[in-house]
Amino acid sequence: MSGRLGEGAAAASRRHLRLGVPSNLPAEASTFVGRRGDLERGVALLAGTRLLTLTGAGGCGKTRVAQRLAALVGGEFADGVWWVELATLTDETLVGEALARILGLPVSGASADDAVLGHVAAAGCLVVLDNCEHVLDGVAELVGRILREAPSVRVLCTSREPVGVDGETTWRVPSLAVPPLSTDPGVVAAFDAARLFVARAVASDPDLVLTAATARAVAQICQRLDGIPLALELAAARVRTVSLDRIVVGLDDRFRLLTSGTRTAAARHRTLRASVEWSHALLEEPERILLCRLGVFVGGFTAEAADHVASGGPVGLFDVLGLLSRLVDRSLVHREPSGRYRLLETIRAFALERLAEAGEFGVIADRHLGWVTDLAEAHETRLLRVHVSALDAMEQELPNLRAALAHAASGAGESTGLRLIAALPFFWGMRSYAAEGMTWATLVMAAASDAPVVMRARVRWAAAFTRFYSGTDFAGAGEEAGVALAEATEAGDAQTQGRCLQIITLIQGLFDPSAARSSAAAGLELARTAGDRWNECTLLGLIAFSHTVQFHPAAARPFVDRATEIANDIDDRGQQFWTLYGSGVAAAAGGAFDDARNAYTRGLEVSRRIGDPVRETYAVAGLMTVEIAVGRWHALALLADGMGRSQRPLDAVVHAHLIPAIREIAAFAERPVEAANALARTGEFLLGAVDPTSGQRLMVQGATALHSVGEVDAATRAATAALAAAERRGSAMVGPCRVLLARIARDTGDQVAGPGAAERLIHQDLAATAAAGLLADVPDALEVLGGLAIDAGSTAEGVRLLAAAARLDTVTTRHRWFADRAARDVARAADALGEAFDPIWQEGGAMDVTGAIAYARRARGERGRPDHGWDSLTPTELDVVGFVSAGLSNPQVAQRMFIARSTVKTHLLHIFAKLVVTAGSLPRVSAAQLHAGRTAGQPEYNPVRGLPAGTPSEKLDPPIPPTNLRRQPLGVTNRTELAAQALLRRNTMS
């Protein structure tokens with residue numbers, strides 16, 4: 001590896017990029033000066049150990065050396081170089097989470113370490129942990145596990161002291177080589193410390209030149225600062241306003257203070273503290289005060305934040321910006337390209353010490369907590385309405401949020417801390433910090449146990465929402481919401497009551513959609529009473545969702561429309577996703593798979609723009625159902641790749657299950673049995689953990705796939721489980737489940753339930769399946785019914801049903817799992833029917849969904865009816881009799897039934913033939929006989945093809961006369977029967 005050094009830093013960096021190795025190695029903000037020998041040694045040490053810790057005083061250059069080492073050796077690690085900045089962490093338990101986020105892995109509290117180890121166990125990568133000294137226990141625990149469980153991973157740490165684990169090699173990064181006291185600029189410039197100082201000084205004062213007149217002073221500065229890069233850079237920043245000689249004099253005083261003074265200071269701070277204290281001493285009093293107060297900010301701040309937190313006393317509100325600019329000039333504060341400001345961590349630590357010494361820490365930390373809380377509350381409405389800009393604003397201040405919450409958890413600012421918790425649930429949830437949010441809520445509530453009940457209720461609601469969004473504790477979320485509901489009721493807080501019912505509705509919607517609608521209705525009343533339009537919109541969306549879970553998209557539509565209307569009024573961008581999701585479910589159910597794919601894809605884009613992993617999971621799961629339905633296995637692999645590259649890591653459990661499962665399912669063509677099993681498992685997982693709608697569909701698809709590859713027992717178990725899940729939720733998916741079980745029964749010859757059991761299974765829900773809008777599932781049912789009809793000797797009936805199924809499959813582009821079996825049925829029928837096959841096939845192929853279902857029901861009835869007499873009439877023939885007996889002409893009957901006039905006459909001829917009717921001799925037609933012609937126990941069906949029972953007849957044009965014989969009570973007079981006979985004769989002869 002050391003051979004790469006000769007190529008130079010830029011070349012090494014380019015080579016690293018050309019290798020295509022994944023990396024988040026930060027770009028170097030300034031030129032890297034010197035250290036050739038140090039880098040050679042570092043590369044050699046890293047080659048001989050799996051854990052190299054760079055130690056040394058603050059500011060000695062550990063981070064820059066580690067950054068350059070990683071760039072030099074990066075090409076040796078096929079799985080990349082991953083840089084983790086730990087400086088802003090305030091909790092050592094978050095070390096694993098920080099690495100997980102960098103790796104794009106999910107985070108969930110203590111499970112983050114497991115996620116990391118599971119990801120890197122077989123990887124060949126370099127992990128760089130920068131600034132470890134304040135979280136050493138957490139680093140030691142994680143690194144120890146990496147060394148034991150991930151043999152191909154190497155770790156490079158920077159810390160002011162060793163990590164302290166077995167197998168560690170420590171290397172104290174030396175200060176830069178300093179020049180001798182010389183007036184020869186060539187001699188002085190040969191040393192790295194002088195080269196760094198001059199390079200940074202020229203950036204401050206372009207007129208500075210290393211000459212015989214300046215060389216000695218530069219050498220003195222380098223020596224007095226011990227060649228510490230940070231100190232050299234701080235000194236170089238003074239060149240703009242202070243002469244080199246003045247800098248030398250100032251350093252004399254400061255070094256004497258630390259060298260001969262107290263030894264109680266930590267050794268690692270002594271030299272750097274001298275340079276920082278010297279820089280601090282050069283400031284005016286208001287500048288010093290401002291610098292110390294700025295120490296409470298973590299991860300950066302804005303000028304407005306500095307105004308709010310750091311002004312007061314000698315630092316006037318309108319003086320802050322000017323003072324801040326002077327601190328930037330002195331390199332004590334860095335101004336970033338974004339316009340934000342940041343203190344180097346060493347400077348920040350010094351500032352906090354001085355702030356505490358001044359007795360101001362508590363006051364300024366309270367102000368910082370207040371500022372963070374005001375910021376969160378200012379964004380709260382937009383956070384609730386899922387505005388990306390608000391989420392991004394809080395994300396940028398996450399280190400400050402953590403610092404403020406830690407202060408609140410210590411018992412300071414009780415009411416302010418509770419206000420902050422109450423404002424943050426959507427941020428925690430939308431940005432995958434739910435587990436952390438739960439922890440903070442618990443800590444802050446414990447520190448403020450005496451808060452008013454109204455505040456406790458609000459905070460508990462926020463905690464319940466965060467807990468729900470974690471996806472790991474639905475029961476705990478429901479319990480928390482129940483307590484909050486009781487407290488809000490006690491306080492008379494209608495808004496919080498309604499929001500608590502929202503959480504309860506969310507949980508019920510996953511498992512008991514009907515109960516969810518009851519809770520939502522109660523919540524809606526409270527939301528409207530409180531004028532809480534966001535919650536009203538959300539609850540309407542949840543009612544729609546409850547219907548969607550039951551696969552009744554038509555029932556969901558009015559609630560979706562109303563929720564969307566309110567969302568547009570209040571600019572709630574979160575509802576946009578659920579509108580798209582509902583559209584995707586409805587389109588896929590209806591067989592419009594291209595439309596469904598478009599809706600889900602747009603929803604996926606929205607979810608990623610928001611940064612919400614839950615919405616992303618719903619969109620991906622929906623897309624899975626579509627791609628599997630049409631057999632686009634390669635598209636699944638692309639989905640998994642997209643999730644793996646997601647900017648926001650998914651929930652830990654989802655990430656651990658879903659992405660690997662999608663990749664396994666995508667390999668169906670190569671490993672069908674494994675893929676089918678993975679599909680069934682994924683559906684069951686999503687059903688219980690995230691998305692019950694797509695979960696149900698994927699369970700059925702998984703069971704179907706298992707049967708298609710001959711795994712009959714597994715398919716039966718999966719289909720039975722899917723049926724039970726659908727029945728528990730009152731879902732229309734019971735129909736497709738029963739169709740699959742019927743197919744399995746037919747294919748295996750299972751007659752345990754008796755002859756005709758498979759057919760009864762299908763007919764049990766066929767009409768309901770179509771009525772619910774699950775038209776994409778009808779072809780499967782028709783295909784199985786067609787095969788069963790052929791088995792029973794009703795070959796023509798079977799051909800028509802198979803032809804209808806084939807046509808509908810062509811229209812929807814649905815993947816035909818059992819096309820080979822249908823082809824065998826068609827071949828059998830063609831052999832049996834001979835020349836009659838083609839016209840019969842064409843008849844079936846001409847039927848639409850509604851017509852095919854009606855035909856299947858009629859044909860089934862015909863096979864169970866006698867050849868002659870009133871009991872032999874089909875439901876359609878009885879409808880014809882009813883219409884004619886009501887006085888309608890053939891054209892009017894044709895209009896009502898959506899059939900041709902000639903077809904009406906054909907039905908009448910069939911009726912007469914079955915009743916052995918002649919033109920001059922009609923039997924009596926009684927209402928009792930007509931009513932008895934219905935299948936026992938079957939609900940009455942409106943005699944208009946395609947309209948369910950209960951369609952008001954008065955809405956038809958013209959309306960059906962009330963004299964319809966089927967509506968007459970039993971015991972009709974002979975005059976009525978005779979009138980019916982006369983009308984039948986008239987229509988037949990017309």
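**Sheet packing, aromatic pairs and buried positions in a predicted model**

Helix H2 (residues 36-47) lies across four strands, namely E1, E3 (126-130), E4 and E5, and runs at about 175 degrees to E5. A further helix, H6 (residues 136-149), packs on the sheet as well, where H6 touches E1, E3 and E4. The direction of H6 makes about 160 degrees with that of E4. These values, like those that follow, were computed from a predicted model.

The sheet in question is open and consists of 5 strands in the order E2-E3-E4-E1-E5, with parallel pairing. Its edges are formed by strand E2 (81-85) and strand E5 (168-172), each of which pairs on one side only. Direction ignored, neighbouring strands of the sheet are turned by 15 degrees against each other on average. In general, the strands of a sheet pair through backbone hydrogen bonds, in either a parallel or an antiparallel manner. Within the present sheet, strand E1 (residues 51-55) and strand E4 (residues 154-158) pair in the parallel sense over 4 bridges. Leu52 has Leu156 in E4 as its bridge partner.

For the protein as a whole, the secondary structure amounts to 48 helices and 7 strands. Of the 990 residues in the protein, 56% are buried. Contacts between residues at least 6 apart in sequence were also examined, and 72% of these join residues at least 24 apart.

Aromatic rings were considered next. A search of the whole structure yields 26 aromatic pairs. In one of them, the ring centres of Trp578 and Tyr581 are 5.9 Å apart and the ring planes stand at 85 degrees, so the pair is classed as edge-to-face, a class that requires over 60 degrees. Both residues belong to helix H29 (residues 574-589), in which Trp578 and Tyr581 are 3 residues apart, about one turn of the helix. The two residues were assigned to separate accessibility classes: Trp578 is partly exposed, with a relative accessible area of 25%, whereas Tyr581 is buried at 3%.

Tyr581 also takes part in an aromatic pair with Tyr618, which is edge-to-face with 5.3 Å from centre to centre and 85 degrees between the planes. This pair links distant parts of the chain, given that Tyr581 lies in helix H29 and Tyr618 in helix H31 (residues 613-630), 37 residues apart. Tyr618 has a relative accessibility of 5% and counts as buried because the limit for this class is under 20%.

Helix H31 also holds Arg615. Arg615 is buried, with a relative accessible area of 5%. Leaving aside residues up to four places away in sequence, Arg615 touches Val386, Met430, Tyr469, Gly574, Phe577, Trp578, Ser607 and Ile610. Among these contacts, Trp578 is the residue whose ring pairs with that of Tyr581, and Tyr469 belongs to a cluster of aromatic rings. Ring pairs link the members of that cluster, which are Phe426, Trp461, Phe465, Phe468, Tyr469, Phe474, Phe511 and Trp534. Another arginine is placed at a ring of this cluster: the charged end of Arg499 sits over the ring of Trp461, at 5.4 Å from the ring centre.

Tyr581 is likewise in contact with Thr548, a residue of which the other contacts are Ala556, Val585 and Thr693, not counting residues up to four places away in sequence. Thr548 is located in helix H27 (residues 533-549). With a relative accessibility of 7%, Thr548 counts as buried.

The remaining results concern cysteine residues and a position in helix H41. The number of disulfides in the model is 0. Two of the cysteines, Cys222 and Cys292, count as buried, with relative accessibilities of 0% for Cys222 and 9% for Cys292. Helix H41 (residues 819-833) contains Ala832. In contrast to the buried residues described above, Ala832 counts as exposed, at 58% relative accessibility. Ala832 and Gly793 are 39 residues apart in sequence, and the C-alpha to C-alpha separation of these two residues in space is 9.8 Å.

Methods. Residues numbered from 1 in each chain as written. Predicted model: local features only at pLDDT ≥ 70, side-chain atom pairs only at ≥ 80, totals over all residues. Heavy atoms only, no water. Phe/Tyr/Trp six-rings, centres within 6.5 Å; stacked < 30°, edge-to-face > 60°. Helix = DSSP H or I, 4+ residues; strand = E, 2+ residues; numbered from the N terminus. Buried < 20%, exposed > 50% of the residue type's maximum accessible area, 1.4 Å probe, protein only. Lys NZ or Arg CZ within 6 Å of the ring centre and 35° of its normal. Pairing = 2+ DSSP bridges. Axes fitted to C-alpha atoms, helices over the stretch in contact; angles between N-to-C directions. Contact = heavy atoms within 4.5 Å. Disulfide = S-S within 2.5 Å.
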